[in-house]
Amino acid sequence: MSKKAKQSKHKKKVTTSSSQADKLFDLIGQQIFQGDYTEAIASCERLLSCLPRHAPQRADALAQLGVAHSMLQNYPQSYEAFTEALAIDPNNAELWYNRSMASRYTARLGRALQDIERAIELNTIAELAKQFDEALKANRMLAKESMKLRGPGFTLDQLVEQEEHFQQALKLMEAGKWDQAEQAFHASITMGDCLPQPWGNLGICLMMQERYDEAEAALKRALAIDRGYTIAKNNLKLLAEARRTGPPKIVGINEPFRNSKMKQSITFITE
């Protein structure tokens, strides 16, 4: 008798949970349609906290979360959401397309090209073909320019690897792991020394470790690559004060590899 009662209770719990999930999915769709992206993110996070880690519904919730973040230009969070969704649903062309867009706006230009190529391979919806082809052309051009900047023989796989070193370094900076971030920036620079941002951020890592002479050299190297790099100029001024009073308590993280030729509008698939 007790055993039957427990089984009955368990079934009721599952039914209620499924109903709540459906209601949340409907709410999220309405919030995104109405442009309430902040509320949509909160609803997605509430739904994800209730779903099993590998449930098919979880991929749909993550896809909605990625779209909502992208609409608010939270591109790093958007990239992470689409990446987690793809781990559950790796044959979803729309997810690959959306991550390619998030990749572009987190300066993962190599990954953006690989992702849109995969989206095109998997796509079976004729109405999306033109949109995918346009994204392919844009991502191919950006990746080609980046590889050309790094010199002859630099491959797409190398570009992906270098950009991931940089992204990992940024995450380590956010966590305050300055020595590990320093190593990741060095790994990125070693693969192709052509951009000021890695040096600028490396300078911050060194400053936070009170290695001021090395920090100054890194910031000056950033300016040697780009004399108009304002962030490095400002941090050199900050460095002079840090030598007297110690490293700053708060550090703002600069967006990686900002490319002035990148389009400032972006379209994500919401269905």
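In the predicted model, Arg243 has a relative accessibility of 38% and therefore counts as partly exposed. The side chain of Arg243 takes part in a salt bridge with Asp213, in which the closest N and O atoms lie 3.1 Å apart. This pair links distant parts of the chain, since Arg243 belongs to helix H12 (residues 230-245) and Asp213 to helix H11 (residues 212-225), with their positions 30 residues apart in the numbering. Asp213 has a relative accessible area of 58% and is therefore classed as exposed, the cut-off for that class being over 50%.

A salt bridge also joins Arg243 to Glu216, with an N to O distance of 2.8 Å. Glu216 lies in helix H11 and Arg243 in helix H12, so this pair ties together parts of the chain that are 27 residues apart in sequence. The relative accessible area of Glu216 is 25%, which places this residue in the partly exposed class. Asp213, Glu216 and Arg243 belong, together with Lys220, to a network of salt bridges.

In total, 12 salt bridges are counted in the model. One of them is formed within helix H6, where Glu121 pairs with Arg118. The closest N and O atoms of Glu121 and Arg118 are 2.9 Å apart. The two residues are separated by 3 positions, about one turn of the helix. Glu121 is exposed, at a relative accessible area of 59%, whereas Arg118 is partly exposed, at 28%.

The count of disulfides is 0. Two cysteines, Cys194 and Cys205, were examined for accessibility. Cys194 has a relative accessibility of 16% and so counts as buried, the limit for that class being under 20%. For Cys205 the value is 0%, and this residue is likewise counted as buried.

Helix H6 (109-122) is also among the elements that cover the buried residues of helix H7, as are helix H5 (93-104) and helix H8 (156-174). Helix H7 spans residues 129-150 and contains 22 residues. The distance from the first C-alpha of H7 to the last is 32 Å, close to the 32 Å expected at 1.5 Å a residue. The buried positions of H7 include the aromatic residue Phe132, the alanines Ala135, Ala138 and Ala143, and the leucines Leu136 and Leu142. Asn139, Ser146, Met147 and Arg150 are buried in H7 as well. After H7 comes Gly151, which has a positive phi, near 110°.

At the level of the whole chain, the secondary structure consists of 12 helices and 0 strands. From the N terminus on, each element in the order of the chain is accordingly α. Of the 271 residues in the chain, 45% are buried. Among contacts with a separation of 6 or more, 58% are made by residues 24 or more positions apart. The accessible surface of the chain amounts to about 15,100 Å², and carbon and sulfur atoms contribute 51% of that area.

Definitions and conventions
Residues are numbered from 1 along each chain as its sequence is written. This is a predicted model: local features need pLDDT of at least 70, side-chain atom pairs count only at pLDDT 80 or more; totals for chains, interfaces and linings use all residues. Side-chain values use heavy atoms; hydrogens and water are left out. Helices (H or I, at least four residues) and strands (E, at least two) are DSSP runs, numbered from the N terminus. The expected span of a helix is 1.5 Å times one less than its number of residues. Buried means under 20% relative accessible area, exposed over 50%, partly exposed in between (1.4 Å probe, protein chains only). Contact means heavy atoms within 4.5 Å. Accessible areas come from the Shrake-Rupley method with a 1.4 Å probe; for residues, only the protein chains shown count as cover. A disulfide is a pair of cysteine sulfur atoms within 2.5 Å. A salt bridge is a side-chain nitrogen of Lys or Arg within 4 Å of a carboxyl oxygen of Asp or Glu.
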